[in-house]
Amino acid sequence: MAAANARGVAVPPSLGTAVVTCMDSRIDVFALFGLALGEVHVLRNAGGVVTDDVVRSLTISQRKLRTRDIIVVQHSGCGLATFTDHQFTEELAEETGRRPQWRTHAFDSPETSVRRDIVQLRHETFLHPDTVVRGFVLDIDNFRLQEVFVAGDDAR
Ligand SMILES: [Zn+2]
């Protein structure tokens, strides 16, 4: 259950972990992993994808608040699988006369997207070299988590 307040809860996450996931209203990160207040950082955006701003937050999380491990969770039934980057950009341009400076990071398959994001995070210059990055796809229908591995990973 949610704590009444954060009194006595240390600012650095006690599990030393940051979770990157989608803003989808059906995902309760704390319930999903059985977490309590103060245990992890949670970074959310459309898709749970690794963007420049996610890297910014993860770098601060690691360098200033002593986290190390990163978990990326994307999911089935995600809105980002319902359009392409090109389509969305063209829609916006048609309506507003301008193209966004950012990319949507739309994807066909959450597995492929998680795999790309794991690889990207493992090569980020400002993250600690001993960072453990793991990725999962959440089945939104039954809340099961399937781990995603990258070619060359040791079987866990
Ligand atoms: Zn989503």
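## Exercises on a zinc site and its sheet

In sequence, the residues that donate to the zinc ion follow the spacing C-x52-H-x2-C. The model is predicted: local features require pLDDT of at least 70, side-chain atom pairs count only at pLDDT 80 or more, and totals for chains, interfaces and linings use all residues. Residues are numbered from 1 along each chain as its sequence is written, and side-chain values use heavy atoms, with hydrogens and water left out.

**Exercise 1.** Identify the protein donors of the zinc ion, and state whether His75 is buried or exposed.

*Solution.*
1. Donors are N, O and S atoms within 2.8 Å of the metal (3.2 Å for Na, K and Ca); water is not among the atoms, so sites may look incomplete.
2. Cys22 (SG), His75 (NE2) and Cys78 (SG) lie 2.0 to 2.3 Å from the zinc ion.
3. Buried means under 20% relative accessible area, exposed over 50%, and partly exposed in between (1.4 Å probe, protein chains only).
4. His75 has 1% relative accessibility and therefore counts as buried; Cys78, at 3%, is also buried.

**Exercise 2.** Determine the strand order of the open sheet and which strands stand at its edges.

*Solution.*
1. Strands (E, at least two residues) are DSSP runs, numbered from the N terminus, and two of them pair if DSSP finds at least two bridges between them.
2. The five strands follow the order S2-S1-S3-S4-S5, with mixed pairing.
3. S2 (40-45) and S5 (144-148) each have a single partner strand, so they stand at the edges with one side lacking a neighbour in the sheet.
4. Within the sheet, S1 (residues 17-22) and S3 (residues 69-75) run parallel, joined by five bridges; Thr21 is opposite Val73 in S3.

Technical notes
Helix = DSSP H or I, 4+ residues; strand = E, 2+ residues; numbered from the N terminus.
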